[in-house]
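Hi everyone, thanks for making the time. I'd like to walk you through one protein model this morning, so please have a look at the screen.

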Amino acid sequence: MKTVIIDYGSGNLRSAEKSVVRAALDNGIKADISVTSSPDDVKSADRIILPGVGAYADCMAGLSALDGMRDALEESVHAEGKPFLGICVGMQLLSTAGLEYGRTEGLGWIDGDVKEIKVNDPALKVPHMGWNNLELDSDHPVLDGIKSGEHAYFVHSYHFEAADPNSVLAHVDYDGKIAAIVGRDNILGTQFHPEKSQSVGLKLLENFLKWTP
């Protein structure tokens, strides 16, 4: 089973790779895991992971700058239905658009926009950074063995407001609901960083490697 982590100049690539490798090894999953910027590798992969760190527009520009990558993703994820996982800004890029420093069109795979986090509680800061309790909103194979109340690690100032509440599989409370996991069909995205979320992150990655949508 070939799993690729896309390198488009924005992401915790090596820590993500290390965590995916560990999730595979710890659970006896035979997986060929690699970091790549090649559209051909994406086309030949069985599973695809898109990490992301930084500004929405910069990440979208970086992804679009890889010749053939958008087409490879559309073919692999939409036409062929391969399991896809977006992480942090990689999750946000699934949206219709990001509103950080103006409007930037996203991949448009899950309807909704990425907007700045607004908090009224003076005790809470933006960016939303650190551990927060997941609240699961839906059953999903990638959430097997993960319970509401378990912790995940977040670093972000913008959040995904999904047009369809059913697209939100888990949320956290940060002076209001913030989408922690979005998904539909073979597409999944986590606002938190599985590679930094210890047991919860490793369990989610294990489930993703086993997932057959």
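**A buried glutamate and its surroundings**

Let me begin with Glu-195: setting aside neighbours within four places in sequence, Glu-195 is in contact with Asn-12, Ser-15, Ala-16, Ser-19 and Ile-87. Before I go on, please keep in mind that this is a predicted model.

Where does Glu-195 sit in the chain? You'll find Glu-195 in the loop between strand S14, residues 187–190, and helix H6, residues 198–210. Now, is Glu-195 buried or exposed? Glu-195 is buried, and yet has no salt bridge. The nearest side chain of opposite charge belongs to Lys-196, and that one is 5.6 Å away. With a salt bridge requiring nitrogen and oxygen within 4 Å, Lys-196 at 5.6 Å does not make one with Glu-195. What Glu-195 does have is a polar contact, side chain to side chain, with His-193 at 2.8 Å.

Let's zoom out for a moment. The protein has six helices and 14 strands. Its radius of gyration is 16 Å, close to the 17 Å that the globule rule gives for 213 residues, so the protein is as compact as a globular protein of that length. If you like boxes, the C-alpha atoms fill one of roughly 50 × 35 × 30 Å along the principal axes. Of the 213 residues, 53% are buried. The accessible surface comes to about 9,300 Å², and carbon and sulfur atoms hold 46% of that. For those of you who think in contact maps: take the contacts between residues at least 6 apart in sequence, and 71% of them join residues at least 24 apart.

Back to charges, then. Side chains of opposite charge can pair when their charged atoms come close. How many salt bridges does a search of the whole structure find? The search finds 10, and I'll show you three of them.

Stop one is helix H6, where Glu-206 forms a salt bridge with Lys-210, with the closest N and O atoms 2.6 Å apart. Glu-206 and Lys-210 are four residues apart in helix H6, which puts about one helical turn between them. Glu-206 is buried, at 8% relative accessible area, while Lys-210 is partly exposed at 44%. This pair also belongs to something wider: salt bridges with shared partners join Lys-203, Glu-206 and Lys-210 into one network.

Stop two is helix H1, residues 13–26, which holds both Asp-26 and Arg-22, again four residues apart, about one turn of the helix. Their side chains meet in a salt bridge at 3.2 Å, N to O. Here Asp-26 is exposed, with a relative accessible area of 52%, and Arg-22 counts as partly exposed at 47%.

Stop three is Arg-103 with Glu-105, whose side chains meet in a salt bridge at 3.0 Å, N to O. Arg-103 is exposed at 51% relative accessible area, and Glu-105 is partly exposed at 47%.

One last residue before coffee: Val-119, in the loop between strand S7, residues 112–116, and strand S8, residues 128–133. Val-119 is partly exposed, at 23% relative accessibility. Which residues does Val-119 contact, leaving aside its neighbours within four places in sequence? They are Leu-124, Val-126, Tyr-174 and Asp-175. Asp-175 is 56 residues from Val-119 in sequence, but their C-alpha atoms are 5.8 Å apart in space.

That's my tour, and I'm happy to rotate the model for anyone who wants another look.

Terms used
Residues numbered from 1 in each chain as written. Predicted model: local features only at pLDDT ≥ 70, side-chain atom pairs only at ≥ 80, totals over all residues. Heavy atoms only, no water. Helix = DSSP H or I, 4+ residues; strand = E, 2+ residues; numbered from the N terminus. Buried < 20%, exposed > 50% of the residue type's maximum accessible area, 1.4 Å probe, protein only. Lys, Arg positive; Asp, Glu negative; His and termini not counted. Polar contact = N/O pair within 3.5 Å; in protein donor to acceptor, adjacent residues only side chain to side chain. Contact = heavy atoms within 4.5 Å. Rg over C-alpha atoms; globule rule 2.2 N^0.38 Å. Areas by Shrake-Rupley, 256 points an atom, 1.4 Å probe, with all protein chains shown as cover.
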